[in-house]
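Reader: I am new to this structure and would like to know how its descriptions are justified. Could you take me through them?

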Amino acid sequence: MINLSRLSLDRAPPLWVPLQFMAVAPLFGVLFAGVMILLGPQVLVSRWMPGMIGAAHLLVLGYVAMVMFGAMQQMLPVVAGSPVPRGAITSRLSFMLLTLGTPLLGIGLALHRPAWIAVGGVLVLGGLGVFTLTALIALARSQARGPTTQAMTLAVIALLVTAALGGWLAGGHLGLGWPLPRHMTDLHLAWGLLGWVALLVAGAAYQVVPMFQMTPEYPVLPARLHAPLVFAILAVMTLTALLPVPAATAKVINMTGSGMLAALMAGFAGITLWLQSRRRRRNADVTVRFWHIGMVSLLAAVLVWVVIQLLPGRGLWGVWALVLAWLFVAGFAVSVINGMLYKIVPFLVWLHLNQTRMGSGNFAMRVPNMHEVIPLGLTRLQLRLHLAALVAGLTALAWPALLIPAMLLFAASNGLLSWNLFTGIRCYRASLNAPRTTTG
Amino acid sequence: METIQDFFTTDHRECDYRLADLEFAIADGDWEAADAGFREFHHDMERHLQREETLLFPAIESVSGGTMGPTEVMRREHDQMRALMEEIRIAKDQRDENTTLGVIETLMTMIQLHNVKEEQILYPMADRFLQTQRGELMAQVKALEP
């Protein structure tokens with residue numbers, strides 16, 4: 001006899017578990033834009049401006065990590081056959097800690113408020129800790145061993161490293177007894193963006209790109225090797241920074257490592273665009289377009305990175321570093337996430353309404369199809385706003401006076417995204433509460 | 001020998017492509033192509049579902065002891081897919097483009113998430129545990145016509 005007791009193919013979490021993260025995340029996008037407007041164009045001078053560091057945390061923790069936490073609660077039972085343990089309690093806990101901690105940490109960093117940084121930092125570390133622990137338990141229990149679960153596992157470990165480095169940096173910043181390890185900042189960024197964000201997107205892409213766009217599968221070898229290579233390179237570069245490696249050797253390792261990372265990122269984006277060009281589903285919905293924008297932005301980010309290497313003085317300074325960051329975070333991560341939300345939320349609303357109908361036996365209850373959950377016209381408008389905000393943001397880095405219109409566009413895009421997601425939630429409630437017709 | 005995983009995964013992709021072609025015909029406003037496309041999709045889909053329900057799932061249940069568990073969940077999802085196929089047929093017959101496309105999107109998403117569970121978890125497991133009887137089972141599977 002085979003023991004199937006651990007195999008649960010229908011343990012999808014309750015609707016509110018992923019939705020709490022997803023509905024709140026775009027509001028952090030609005031908050032980010034608001035803080036940037038208050039800080040004004042002078043914040044665009046350099047990546048080391050406290051305001052920039054604070055605002056960046058609002059976006060990557062409040063928006064990017066927030067949605068990814070919610071999406072993983074939903075994806076793990078499907079792709080790994082293994083739900084997050086005690087999902088109802090642990091997801092609420094990580095959600096609360098992240099929602100409370102992120103604004104404190106972000107605004108504390110921006111305004112030099114040590115107490116806010118300390119409290120916010122502890123809350124955020126707690127939220128990340130609860131999430132990474134429960135996700136790793138779920139992944140360890142999984143019987144699936146494909147490239148998706150592999151990339152997800154490495155992404156979650158990368159998040160743990162990012163959080164540890166972040167805690168180390170924050171502690172130095174607060175004067176907790178050790179000097180500020182400023183040389184760790186690039187590694188903190190690399191683990192967070194290339195390790196956690198890019199690997200999780202890749203892991204999800206191996207599933208969702210062929211699945212929803214009906215493209216050929218990702219080629220086996222690149223899909224198998226991408227995440228382990230990225231992870232190993234990051235690990236080698238980190239050890240080089242921690243151990244007494246001669247400066248000349250360290251320089252060679254760092255140059256080779258970052259070159260390989262750039263090539264891996266470009267390779268992933270290139271393969272994804274190539275697969276999408278061969279998709280069987282010819283109708284391009286907003287999700288496909290968001291993915292396109294995301295992949296083109298990732299390629300552009302790699303190109304900018306190459307330009308930075310060719311600049312005199314070499315190093316991530318000045319405005320080019322911000323161009324790179326904007327392309328990667330707003331162009332790549334936010335676009336892909338935004339596109340996925342328009343698949344995930346309408347489907348979950350349909351799924352839960354349909355389960356209610358089946359469970360209650362009230363077969364006359366009307367369940368809206370996915371296109372009825374969020375009006376398509378509003379999703380297309382939001383896509384255009386997002387694209388406009390992206391371009392305006394890049395323009396503002398060349399002409400800082402344009403910062404305010406760019407951030408107003410970004411706020412409008414995220415405000416509309418939030419409105420659209422709440423429209424989905426209202427649709428769910430309305431369908432549940434619709435007068436019940438008796439079945440014959 | 002062809003594995004359960006390979007055969008059923010290919011069968012999934014063929015059903016997917018039929019549905020994608022149906023979607024394109026409707027978005028294109030070509031209702032005659034949509035009628036033909038729906039017939040083909042419905043036939044292939046029903047054949048796939050029956051291959052699992054009448055042959056593969058009972059074989060899995062015979063070694064796992066019982067109809068509860070993963071196969072039960074898969075059967076329930078099959079019924080939900082059949083209900084959506086019926087909704088597509090009705091909307092298509094009424095030449096209602098928006099509703100047809102909306103229900104196709106819903107069915108497509110539902111099928112894809114269902115397929116992931118089968119392809120990642122159920123089929124590899126079936127290949128492991130049904131090795132001795134696989135040849136005979138696959139011959140029956142291929143011969144089945146709804």
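Author: Happily; what follows is a set of questions about helix packing, a chain contact and one bent helix, in a model that is predicted.

Reader: What makes helix 7 of chain A and helix 8 of chain A roughly antiparallel to each other?

Author: Look at the angle between their axes. Helix 7 (residues 220-242) of chain A and helix 8 (residues 247-277) of chain A cross at roughly 155°, and their axes come within 10 Å. Angles over 145 degrees count as roughly antiparallel, so this pair of helices earns the name. Their crossing is left-handed.

Reader: Which residues of these two helices meet?

Author: Among them, helix 7 of chain A brings Leu229(A), Val230(A), Ile233(A) and Val236(A), while helix 8 of chain A brings residues including Gly257(A), Met260(A), Leu261(A) and Leu264(A). By class, this contact has 13 nonpolar, five polar and no charged residues.

Reader: How do you know that helix 1 of chain A is roughly antiparallel to helix 13 of chain A?

Author: The reasoning is the same kind of check. Helix 1 (residues 16-39) of chain A and helix 13 (residues 403-433) of chain A pack at an angle of about 165°, with axes 8 Å apart. With the cut-off being over 145 degrees, helix 1 of chain A is therefore roughly antiparallel to helix 13 of chain A. This crossing, too, is left-handed. Residues making the contact include Ala23(A), Leu27(A) and Val30(A) of helix 1 of chain A, and Met407(A), Ala411(A) and Asn414(A) of helix 13 of chain A. The class count is 18 nonpolar, five polar and no charged residues.

Reader: What is the crossing angle of helix 2 of chain A and helix 10 of chain A?

Author: Helix 2 (residues 50-80) of chain A and helix 10 (residues 318-360) of chain A cross at roughly 35°, and their axes come within 11 Å. The crossing of this pair is left-handed. Tyr63(A), Val67(A) and Gln74(A) are among the residues that helix 2 of chain A contributes, and Ile337(A) and Leu341(A) are among those from helix 10 of chain A. By class, the contact has 13 nonpolar, one polar and no charged residues.

Reader: How many residues of chain A and chain B are in contact?

Author: There are 28 from chain A and 28 from chain B. On the chain A side, helix 2, helix 6 (185-213), helix 10 and helix 11 (370-373) each supply at least two residues. Helix 10 of chain A gives the most, with four residues. That side of chain A has 14 nonpolar, eight polar and six charged residues.

Reader: Why does the span of helix 2 of chain B agree with its number of residues?

Author: Helix 2 (residues 31-64) of chain B has 34 residues, so at 1.5 Å a residue it should span 50 Å; the end C-alpha atoms are 46 Å apart, which agrees.

Reader: Where does helix 2 of chain B bend, and what comes just after the helix?

Author: The bend, of about 35°, is at Glu52(B). Just after the helix, Gly65(B) takes a positive phi of about 75°.

Conventions: Residues numbered from 1 in each chain as written. Chains lettered and ligands numbered in written order. Predicted model: local features only at pLDDT ≥ 70, side-chain atom pairs only at ≥ 80, totals over all residues. Axes fitted to C-alpha atoms, helices over the stretch in contact; angles between N-to-C directions. Parallel < 35°, antiparallel > 145°, perpendicular 65-115°, else oblique. Left-handed = near helix turned anticlockwise from the far one by under 90°. Contact = placed C-beta atoms within 7 Å. Nonpolar A, V, L, I, M, F, W, Y, C, P; charged D, E, K, R; others polar. Expected span 1.5 Å × (residues − 1). Bend = angle between axes of the 7 residues up to and from the residue.
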